[in-house]
There are 2 protein chains.
Amino acid sequence: GWLASSGTRGTIVSTSLPDSLTPVPQASPLAKASTVMNAEYQFKKPPARSLAIPAGKWLKLDEGAPDGRLFPKDVLARAYRSALYRAARENRLQYRDPRGSIMLREEVAGMLKAQRGLMVTAENICITRGSQMGIFMAARILIQPGDAVLVEALTYEPAVAAFKSCGAKIVSVKLDKHGVDVEDIERQCRLNRVRAIFLTPHHQFPTTVALRPDRRLRLLELARQFAFAVIEDDYDHEYHFQSQPLLPMASYAPERIIYVGSLSKLLLPALRIGYVCAPLQVIESIAHEVTVLDSMGNTLTEDAVAELIGTGEVRRHVRKMTQVYAQRRDAFAKALDEELTDMVDFEVPDGGLAFWIRFRKLADLDRIEKNAPDLGLQFAASRSFITRPGATRGLRIGFASLSERDARAALKALRQAAKP
Amino acid sequence: GWLASSGTRGTIVSTSLPDSLTPVPQASPLAKASTVMNAEYQFKKPPARSLAIPAGKWLKLDEGAPDGRLFPKDVLARAYRSALYRAARENRLQYRDPRGSIMLREEVAGMLKAQRGLMVTAENICITRGSQMGIFMAARILIQPGDAVLVEALTYEPAVAAFKSCGAKIVSVKLDKHGVDVEDIERQCRLNRVRAIFLTPHHQFPTTVALRPDRRLRLLELARQFAFAVIEDDYDHEYHFQSQPLLPMASYAPERIIYVGSLSKLLLPALRIGYVCAPLQVIESIAHEVTVLDSMGNTLTEDAVAELIGTGEVRRHVRKMTQVYAQRRDAFAKALDEELTDMVDFEVPDGGLAFWIRFRKLADLDRIEKNAPDLGLQFAASRSFITRPGATRGLRIGFASLSERDARAALKALRQAAKP
C-alpha cells in the first residue's frame with residue numbers, strides 16, 4: 001500500500017499510511033495552495049527595502065536605461081535565428097565553456113582593443129549575465145569575510161549589496177565634483193585592510209562626473225602601495241555627447257583592475273550580456289565561480305550578440321542612438337529648467353544616459369519621495385545611493401528611455417509630487 | 001599635459017607624466033597583451049580540477065544531456081521572434097522583475113500543478129539561469145558559515161561546490177540501491193547542526209535510482225524533527241520509460257522543501273532556464289538574492305519558452321523525444337553489454353538520460369580515466385561524484401545526446417582506453 005496511481009499525474013505516495021507518518025494529501029487537491037503556506041525551515045530574510053524597482057503602474061523613471069523600443073527588432077530576431085541554426089549544426093547547444101561563447105568573447109575583446117585601448121584577447125574575457133554578475137564575481141574572488149571594500153559616498157547600491165553578501169566591510173570614501181577623494185582613500189587604507197575599491201570612473205554613479213586624470217593616477221599609485229584591486233565598472237562607456245571620453249583605467253593599468261562591462265546599454269538590458277575583462281588567471285578563477293553559480297550563459301544570445309557586433313550592427317545602432325539621446329538630453333535639461341525651476345540644481349551630463357538632480361531644499365525631495373507612489377511615479381530612492389551620513393541626497397533620472405513628451409510628463413509629475 | 005588625444009580611441013592619460021607615477025603605455029600598442037600579464041592583487045584561486053568539462057576534441061560523454069540537434073529549430077526561432085516583438089511593443093525590454101517573466105512563471109506553475117502535483121501559483125516560482133543557479137540561491141538563503149549540509153555519498157559535485165562556497169560544512173551520508181540511508185541521516189543530525197539536505201530523489205545523481213517511498217516519508221519526519229530544509233533537485237523529471245514516476249516530495253511536503261527544476265532537459269541546456277519553487281516568502285528572499293547576483297534573466301528567452309510551453313510544443317517535443325530516448329537507452333544497454341562485457345555492472349535506468357556504470361575491477365576504471373584524454377574521450381571524473389572515502393566509484397554516461405552509432409563508438413573507445 002505504499003504507492004497509489006494518480007493517472008497521468010504519475011504515482012504518489014499512498015494516503016493510507018500510518019498516522020504517525022507525515023500526513024500525505026489527497027490526490028486532488030494534493031495540498032492547499034502553497035502561496036499561503038509558510039516555510040518550516042529557517043532562511044535569510046530579504047531587506048525591508050527592495051533593491052529592485054518593481055514594474056511601473058504608470059511611469060517608471062530609470063537610472064539610465066536605453067530605449068528598447070528603438071532597437072531594430074528584425075535584426076535581432078534574424079541574429080537569433082542564425083545563431084540557433086549555426087549552434088544546432090555545430091552541436092553547440094549543450095553544456096559549454098563557463099567563460100561563454102568564444103565568438104562573443106573574441107568580438108568583445110576586439111571591441112575593447114579597437115575602441116577602448118585595452119590590449120586583450122578572448123582569454124581575458126568572461127561573459128556574464130549583465131554587469132551585476134560581473135561585480136558579484138569580482139566580489140567572490142577578491143573578498144574574504146572582514147576584508148574592507150572602499151565605495152564612494154554616493155554609489156551603486158546593488159554593487160554594495162554584492163560586496164556585503166561576500167562578507168565585506170564596506171568603507172565609504174568621500175566624493176566631490178571631480179570624482180572620488182584620493183586623499184580619503186589613502187586615509188582609509190591606513191585604517192583598514194582594503195582589498196578592493198569599487199569605482200565607476202567613466203561616469204560616476206550616480207553623479208555622472210568623470211574621474212579626473214590626476215586622481216586616476218594617484219589612485220593607481222595607492223592601489224600598488226596598499227595592494228588592493230580596482231573594480232572598474234564601465235557601465236555606459238559608449239554614450240558621450242561632448243568630447244572624446246577618457247580611456248578606461250584598465251587600458252593603462254590592467255594588472256590592477258577587474259574591468260566590468262555590459263552590452264545592456266548598447267543593445268538591450270533584457271538580453272543580459274555583460275563581461276569581465278581581467279588577467280588570464282583572474283578569468284580562470286571567475287570561470288570557476290561561474291560553474292558554481294549558473295554553469296554558463298545562453299549560447300544563442302551570446303552568439304546572436306557576437307554576430308551583431310561582428311557585422312557592425314551594434315556600432316551603427318549606437319551611432320544612431322547617440323544622436324537621438326543627445327536630443328533627448330537637451331530636451332530633458334530644458335524641461336528640467338522649466339518644470340522644476342528654483343527647486344533643483346543639475347549639470348547637463350557630458351555622457352551617459354542620466355541626470356543627477358540635487359534639491360535646494362531637502363524638504364522638496366522628501367515630499368516628492370513621499371507622494372510619488374500615489375502619483376504612480378517610480379524611481380530609485382535617493383537614500384539608495386548613499387553610503388555615509390551627510391552625503392548629498394539627490395535623484396538619478398535616466399533621460400534616454402523616455403520620449404520628450406513622456407519626459408515632460410514625468411517632470412510635471414515630479415513637480416506635482418513636490419507640492420505640500 | 002594630462003590628456004593626449006588618440007583619435008577615435010578617445011582621450012588617454014598623457015604619456016609625459018613624471019616617472020614616479022604609474023607608467024602609462026604608448027597609445028599604440030597601449031600595453032603588452034595582458035593575457036601574459038599577472039594580476040597584482042590577491043584573488044581566490046580556482047581548484048586544481050575544473051568542475052566544468054571542457055569542449056571535446058573528439059567525443060564528449062555527458063552526464064545526461066538531451067540531444068539539442070533534435071529540437072525543432074524553426075519553432076524556437078519563431079518563438080524568439082514573437083517574444084521579441086511582443087516585449088518591444090509592451091516596452092518590456094528594460095530592467096524587470098528579478099523573479100522572471102510573469103508569463104513563464106505562470107506556465108511553469110501550471111506545468112508543476114498539472115503534471116507533478118505541486119499546488120502552486122506563479123508567486124511560488126522564481127526563474128533562474130539553469131538549475132545550478134537554483135541550487136546556489138537555495139544555498140545562499142539557507143546557509144550560515146559553519147552550518148552542516150547533508151549530501152549523499154555519491155552526488156552532484158557542482159551542488160557541493162555551491163554549498164561549500166557559502167561556508168557550509170559538508171556532511172556525507174550513506175547511500176544504497178534504494179537511495180539515501182535515512183538512519184544515517186538521523187545519526188548525522190544528532191552530531192551536526194544540519195540546515196539542509198541536498199537530494200535528487202527522482203533519479204539519484206549519479207546512480208539513477210528513485211528514492212523509496214518509505215524513506216521519503218522518514219526523511220520528511222526527520223526534517224521536521226531536526227528543522228532542516230530539503231533541497232529537492234528534480235533535474236530530469238520528464239523522461240521515464242518504464243512506469244509513471246513518483247511525484248516530487250514537494251507535492252506532499254511543500255513547507256519543508258525548496259524544489260529546483262530545469263527546462264534544460266525538456267528543451268536545451270543552452271537556453272539556461274531553470275526555476276525554484278518554494279513558499280512565497282522564500283521566493284521573495286531568493287528574488288533579493290537574484291538582484292544581488294545577476295539582476296534578472298533574459299526576458300526574450302523566458303517569454304519564448306513560456307510560449308513553447310503554452311502552445312504545447314514542449315509537451316509534443318517531450319513525447320517524441322521519450323520514444324527516441326527509449327530506443328537509445330535500449331541500444332546503449334545492448335552496446336554496453338557487448339563492448340564492455342565482463343568489465344562492468346549496470347542497471348538499465350527506468351527513467352532519466354544516463355547510465356550509472358560500475359567496474360568489477362577498479363584497475364579497469366583507473367586505466368580508462370588515465371588513457372581517455374589521449375583518445376580524445378571526455379567525461380566527468382569518477383572521483384567528482386564522491387563525497388566520502390570508500391564510496392563506489394563509477395561513470396555516469398548520458399545516452400540521450402548520442403546517436404546509436406556515436407554511442408557505440410564511444411563505448412569502443414572506453415574499451416580501448418581500458419587496455420593496459
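Chain A contains eleven helices and 16 strands. The model is predicted. Of the 420 residues in chain A, 64% count as buried. Contacts in chain A with a separation of 6 or more are made up, to 72%, of pairs 24 or more positions apart. The accessible surface of chain A is about 15,400 Å², and carbon and sulfur atoms hold 51% of that surface.

**Helix H6 in chains A and B**

- Helix H6 of chain A covers residues 213-226, and its end C-alpha atoms lie 20 Å apart. This agrees with expectation, because 14 residues at 1.5 Å a residue should span 20 Å.
- The buried residues of H6(A) are A:Pro213, A:Arg215, A:Arg216, A:Leu217, A:Leu219, A:Leu220, A:Glu221, A:Leu222 and A:Ala223.
- An α-helix has 3.6 residues a turn, so residues three or four places apart point the same way.
- A:Ala227, just after H6(A), has a positive phi of about 55°.
- In chain B, helix H6 (residues 213-226) also has 14 residues. From first C-alpha to last, H6(B) reaches 20 Å, close to the 20 Å expected at 1.5 Å a residue.
- Buried residues of H6(B) include B:Arg215, B:Arg216 and B:Glu221, along with B:Leu217, B:Leu219, B:Leu220 and B:Leu222.
- B:Ala227 follows directly after H6(B) and takes a positive phi of about 55°.

**Packing of helices H2 and H8 in chain A**

- Helix H2 (residues 102-116) and helix H8 (residues 299-310) of chain A have axes that come within 8 Å and cross at roughly 35°.
- The crossing of H2(A) and H8(A) is left-handed.
- From H2(A), the contact is made by A:Met103, A:Leu104, A:Glu107 and A:Val108. From H8(A), the contact is made by A:Glu302, A:Asp303, A:Val305, A:Ala306, A:Ile309 and A:Gly310.

**Strand E12 of chain A and its partners**

- Strand E12 of chain A spans residues 274-277. A:Gly274 and A:Val276 point one way from the strand, A:Tyr275 and A:Cys277 point the other way, and all are buried.
- In a regular strand the side chains alternate between the two faces of the sheet.
- Strand E4 (residues 125-128) of chain A pairs with E12(A) in the antiparallel sense over four bridges. Within E12(A), A:Gly274 is the residue opposite A:Thr128.
- Strand E11 (residues 257-262) of chain A also pairs with E12(A) in the antiparallel sense, over four bridges. The bridge partner of A:Val260 in E12(A) is A:Val276.

**The sheet E13-E14-E16 of chain A**

- Three strands of chain A form an open sheet in the order E13-E14-E16, with antiparallel pairing.
- Strands E13 (344-345) and E16 (394-398) of chain A stand at the edges. Each has a single partner strand, so one side of each is left without a neighbour in the sheet.
- E13(A) is joined by two bridges to strand E14 (residues 354-359) of chain A, and the two run antiparallel. A:Val344 has A:Phe359 as its bridge partner in E14(A).

**B:Arg86**

- B:Arg86 lies in helix H1 (residues 73-89) of chain B.
- B:Arg86 counts as buried because its relative accessibility is 18%, and the cut-off for buried is under 20%.
- Apart from neighbours within four places in sequence, B:Arg86 is in contact with B:Met103, B:Asp303 and B:Glu307.

Terms used:
Residues are numbered from 1 along each chain as its sequence is written. Chains are lettered from A and ligands numbered from 1 in the order in which they are written. This is a predicted model: local features need pLDDT of at least 70, side-chain atom pairs count only at pLDDT 80 or more; totals for chains, interfaces and linings use all residues. Side-chain values use heavy atoms; hydrogens and water are left out. The expected span of a helix is 1.5 Å times one less than its number of residues. Buried means under 20% relative accessible area, exposed over 50%, partly exposed in between (1.4 Å probe, protein chains only). Contact means heavy atoms within 4.5 Å. Accessible areas come from the Shrake-Rupley method with a 1.4 Å probe; for residues, only the protein chains shown count as cover. Two strands pair if DSSP finds at least two bridges between them. Axes are lines fitted to C-alpha atoms, for helices over the stretch in contact, and angles run from 0 to 180 degrees between N-to-C directions. A crossing is left-handed if the near helix is turned anticlockwise from the far one by less than a right angle, and right-handed if clockwise.
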